[in-house]
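User: Hi! Could you walk me through this model before I set anything up?

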Amino acid sequence: MLAAAVLLPANTTLGVVLAVLLVAAVTVAAVARLADGRERGYARAIALAGLRAAVQLAVVASLIGWVVRAVPLLAGFLLLMFAVAVRTAGRRLTDDRTWWWAAVPIAAGVLPVVLALLLTGLVPAKGVALIPVTGILIGGALTATVLAGRRALDELRTRHGEVEAAMALGFLPREARLEIARPAASDALLPGLDQTRTVGLVTLPGAFVGMLLGGASPLLAGVVQLFVLIALLAVQAVAVAVVLELVARGLLGRSRTLGGAEGE
């Protein structure tokens, strides 16, 4: 309670400030006409994301006490987190039925790390510890999957002629796509790398600050934050490698109506 009061008081002033910040973000996006490659504006998306976050966090905050007490509820909540991440990543990557392949890179990155933490006893099989750790890892895998997949698919659409030229020279379709898509997809690792390189110098991430406010020693807070950053690097590296392979094999692609041949 003390840490929460020191960090941010949950009062009317906070609500007003949050509303103003959200309106400012929406306004800037609208005025600057920020949009994706399909000319879909981000102003509406920002507004909906902010409102959804408020509702979802309110629901989770009211239910978390029940979830952490029962193993079936804990397992169900973790599966829900995974399912939402898969659906979100899939919708960001493609508009066709291959979206569900987004489950593979996310699971491939997160599952081994979580199992290793449980088997070694570093993270107990309790909701109060497992939910936040798994959530951080799933979030990292989601971000890496979306960034790598979108960059790879966009690159293949833009440079489709080079893919065809490579195949004409004797490259297999998978190899030709990898040559074009790999550098672009690999850029998805840059946010995690930059965060890890600059931790403590440019930013103090949430886990570190939260533990300090909760009364932990600076050393323990630093160890926990280091674990989070290294685990995220592992999860994201696996996710990027897997999504790149799926794109190269044509398992994860986009419909031809978008002008690309990625889904062949």
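Analyst: Happy to; here is a tour of the fold, the surface, the salt bridges and the pocket.

User: Is this predicted or experimental?

Analyst: This is a predicted model.

User: Good to know. What does the secondary structure come to?

Analyst: The protein chain has 11 helices and 0 strands. Along the sequence the pattern reads α-α-α-α-α-α-α-α-α-α-α.

User: And what share of the residues in the chain is buried?

Analyst: Of the 264 residues in the protein chain, 31% are buried. The accessible surface comes to about 15,400 Å², and carbon and sulfur atoms account for 70% of that surface.

User: How about contacts between residues at least 6 apart in sequence: what percentage join residues at least 24 apart?

Analyst: That would be 67% of those contacts in the protein chain.

User: Let's move to the surface. Which residues form the nonpolar patch?

Analyst: The patch is made by Val55, Val59, Leu63, Trp66 and Leu73, which together have about 510 Å² of accessible area. Helix H3, spanning residues 42-67, gives the most to this patch, with 4 residues.

User: Take Leu63 from that list. Where is it found, and how exposed is it?

Analyst: Leu63 sits in helix H3. Its relative accessible area is 45%, so Leu63 counts as partly exposed.

User: H3 again! What does it do for the largest pocket?

Analyst: H3 gives the most to the lining of the largest pocket, with 14 residues. H3, H4 and H6 each supply at least two residues of that lining.

User: How much space lies in that pocket, and which residues are closest to its centre?

Analyst: The largest pocket holds about 1,800 Å³ of space. There are 40 lining residues, and those closest to the centre are Ala49, Arg52, Gln56, Val84 and Thr88.

User: Handy if I want to place a grid box. How does one find empty space like that in the first place?

Analyst: The idea is to roll a probe the size of a water molecule over the atoms, which shows where empty space is left.

User: Okay, electrostatics next. How many salt bridges turn up in the whole structure?

Analyst: A search of the whole structure gives 7 salt bridges. As general background, side chains of opposite charge can pair when their charged atoms come close.

User: Show me one within a helix. Which residue does Asp154 pair with?

Analyst: Asp154 forms a salt bridge with Arg157, and their closest N and O atoms are 3.3 Å apart. Both residues lie in helix H6 (residues 127-158), 3 residues apart, which is about one turn of the helix.

User: Are those two buried, partly exposed or exposed?

Analyst: Asp154 is partly exposed, with a relative accessible area of 25%. Arg157 is partly exposed as well, at 27% relative accessibility.

User: What about Asp194? Which residue is its partner?

Analyst: That partner is Arg197, with the closest N and O atoms 3.7 Å apart. Asp194 and Arg197 both lie in helix H9 (residues 190-198), 3 residues apart, about one turn of the helix. Arg197 is exposed, at 60% relative accessible area, whereas Asp194 is partly exposed at 39%.

User: Which residues are joined into one network by salt bridges that share partners?

Analyst: Glu155, Arg159 and Glu162 are joined that way. Within that network, the side chains of Glu155 and Arg159 meet at 2.9 Å, N to O.

User: And how do Glu155 and Arg159 rate on accessibility?

Analyst: Glu155 has 21% relative accessibility, and since the cut-off for buried is under 20%, Glu155 counts as partly exposed. Arg159 is partly exposed too, at 26%.

User: Now a loop. Where does Thr98 lie, and is it buried or exposed?

Analyst: Thr98 lies in the loop between helix H4 (71-93) and helix H5 (103-120). Its relative accessibility is 18%, so Thr98 counts as buried.

User: What is Thr98 in contact with, leaving aside its neighbours in sequence?

Analyst: Beyond the residues within four places in sequence, Thr98 is in contact with Leu251, Leu252 and Gly253.

User: Last topic, backbone. What is phi of Arg33?

Analyst: Phi of Arg33 is near 55°, a positive value in a residue other than glycine. In general, most residues other than glycine have a negative phi.

User: Interesting one to check, then. Where is Arg33 found, and is it buried or exposed?

Analyst: Arg33 is found in the loop between helix H2 (12-31) and H3. Arg33 is exposed, with a relative accessible area of 75%.

Technical notes: Residues are numbered from 1 along each chain as its sequence is written. This is a predicted model: local features need pLDDT of at least 70, side-chain atom pairs count only at pLDDT 80 or more; totals for chains, interfaces and linings use all residues. Side-chain values use heavy atoms; hydrogens and water are left out. Buried means under 20% relative accessible area, exposed over 50%, partly exposed in between (1.4 Å probe, protein chains only). Contact means heavy atoms within 4.5 Å. Accessible areas come from the Shrake-Rupley method with a 1.4 Å probe; for residues, only the protein chains shown count as cover. Patches are made of residues with over 30% relative accessible area and no salt bridge: like charges are joined within 9 Å, nonpolar side chains (Val, Leu, Ile, Met, Phe, Trp, Tyr) within 5 Å. A salt bridge is a side-chain nitrogen of Lys or Arg within 4 Å of a carboxyl oxygen of Asp or Glu. On a 1 Å grid over the protein atoms alone, a cavity is a set of points where a 1.4 Å probe fits but cannot get out, and a pocket is an open set with protein on both sides within 12 Å along at least five of seven lines; lining residues have an atom within 4 Å of a point. Grid points are joined across faces, edges and corners, and a volume is the space filled by probe spheres set on the points.
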